[in-house]
Amino acid sequence: MPRIVSVAPRLFHVPLAEVLVDAKHGDHHQFELITCTIGLDDGSEGTGYSYTGGKGGHAILAMIEHDLAPFLLGRDGGAVEALFEEMLWHVHYVGRGGIASFAISAVDIALWDARGRREGQSLRAMAGGADRSCRAYCGGIDLGFDLPKLLDSVRGYLARGAGGVKIKVGLPLAEDVARVAAVRDLIGPDLPFMVDANYSMEVEQAIVAAQAFAPHDILWFEEPIIPDDYDGYAGVAAEGGIPVAMGENLHIVEEFDHAFARAHLSFVQPDASNCGGVTGFLKVAERARRHGVTLCSHGMQELHVSLIAGCAGDGWIEVHSFPIDAYTTRPLEMADGRATAPDEPGTGVVFDWVKLAEADLLRHSETP
Ligand SMILES: [Mg+2]
C-alpha cells in the first residue's frame, strides 16, 4: 500500500500572446495553471493539474493546501477511486462542484499519473486502450477577431492538420451567420465545423440562431444556453435543426446524469480538469456510452488525447487556444485530423517547470 507522503500544489499565471474573447467570459489576458505533485512512500510520484481562464486559481490552490493535502497525507495513494469519493464528501458542504471539483481534479490526475508510472501503464491503456489516436479539431477563442483575422486563424488550423474547426458565435445574428458562411466557404463542404456560443443565448434566440446556422452544415451547436437549463437544451436540439453539445461547465457526475436524462445531447464534452480528474471523466465516459452520446472533451488536449483515444466511441478532442504545449515536454502530435496519445507510463504530460516559472515571473513583473 503506497502511502501519500507529500502533496505539493503550485499556481502559475501564464500570459497569452494576445487578448482572447468569447461571448461570456470577458477578455482572457492569461490562464492559470494549478499543478499538484504527490509523492508516495514507495518512491513513486505523480503530477496532476487544473486550469482556469484567469480567475479562481488562488481559491483552488488554497483548497488543495488547506483542505485536501492534510486529508490525503498518510492515506493509501493506490486507492484512487476511493479517495475521489472521500475528497468529494470531505469538502462537499462548501464546494459541491465549482472550486472543489477543480481542486479534486488536480489531485486525482496526480494519483492516476503516479499509478501509471508505478504500473508501467499509459493513461491511454488505463482508460481502456481502445485506440492509439483520436479525432481532433481546433477551437478558437476568436469572437474578437474581425473576419479576415478569423479566416487566417482557420487557415492556421488547417495547416496544423486539424480534422475540424470550431468558432465562437454570440455577435448579432447577421454577423454570426456571415462569419459561419465565410468559414464554411473557406474550409469546403466536407470538413466538420462546429460553433460555440458559451451559453450567451436565451432558448428562443438559440433556436433561431441554430436554424440560421443549419444550412452551413454544422456538426454541433455548443453551449447555446446556460448549462443548468437541461430542458432548454432539449428544446434547442428539437427545434434548432443542429445537434447540441455541452459539458465543460458540468462539474459533478449528478449534473451529467441530469444532462443525459433531459438535454438531448448528441455530444458531451467533460473536462478532466474540472469534473473530478480522470476518475470523474471515466464516470462520465461510462454514462455517455450507456446513453449513446458521443464522448468528446473540452480543453487540455495534452491529457484528453489519452482519454478519448483510450475510451471506445470515436469522439473528438478539442485543441484549445491556451498555449499549454509551450510548457510541456511533448507538444500534441496532430496530423490528418487525428492526434496521437503518448505511450509513456502515467499521463504522459510532463511540465517544463523552468518555463512555467519564467512565464509566471514575467506576468508578475508586468502587473502594475
Ligand atoms: Mg466551449
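**Exercise 1. Decide whether D196 is buried or exposed, and place it in the magnesium site.**

Step 1. D196 has a relative accessible area of 1% and is therefore buried, where buried means under 20% relative accessible area, exposed over 50% and partly exposed in between, with a 1.4 Å probe and protein chains only. This is a predicted model, in which local features need pLDDT of at least 70 and side-chain atom pairs count only at pLDDT 80 or more, while totals for chains, interfaces and linings use all residues. Residues are numbered from 1 along each chain as its sequence is written, and side-chain values use heavy atoms, with hydrogens and water left out.

Step 2. The magnesium ion has as its protein donors D196 (OD), E222 (OE) and E248 (OE), at 2.1 to 2.2 Å; donors are N, O and S atoms within 2.8 Å of the metal (3.2 Å for Na, K and Ca), and since water is not among the atoms, sites may look incomplete.

Step 3. Because D196 belongs to strand β6 (residues 193-196) and E222 to strand β7 (residues 221-222), the pair ties together parts that are 26 residues apart in sequence; strands (E, at least two residues) and helices (H or I, at least four) are DSSP runs, numbered from the N terminus. E222 is buried as well, at 1% relative accessibility.

**Exercise 2. Find how many disulfides the structure holds, and examine C138 and C296.**

Step 1. The count is 0 disulfides, a disulfide being a pair of cysteine sulfur atoms within 2.5 Å.

Step 2. For C138, the nearest cysteine sulfur is that of C134, 12 Å away. C296 has its closest cysteine sulfur in C134, at 9.4 Å, which is too far for a bond.

Step 3. C138 is buried at 1% relative accessibility, and C296 is buried with a relative accessible area of 1%.

**Exercise 3. Work out which residues lie nearest the centre of the second largest pocket, and where this pocket lies relative to the domains.**

Step 1. Its lining has 21 residues, and Y157, R160, H320, S321 and F322 lie nearest the centre.

Step 2. Elements giving two or more residues to this lining are β1 (4-21), β4 (133-139) and α5 (147-160).

Step 3. The second largest pocket lies between domain 1 (4-120 + 351-366) and domain 2 (124-340), because both give residues to its lining; the domain bounds come from an automatic or database domain assignment.

Definitions and conventions:
1 Å grid on protein atoms, 1.4 Å probe; cavity = no way out; pocket = protein on both sides within 12 Å on 5 of 7 lines; lining within 4 Å.
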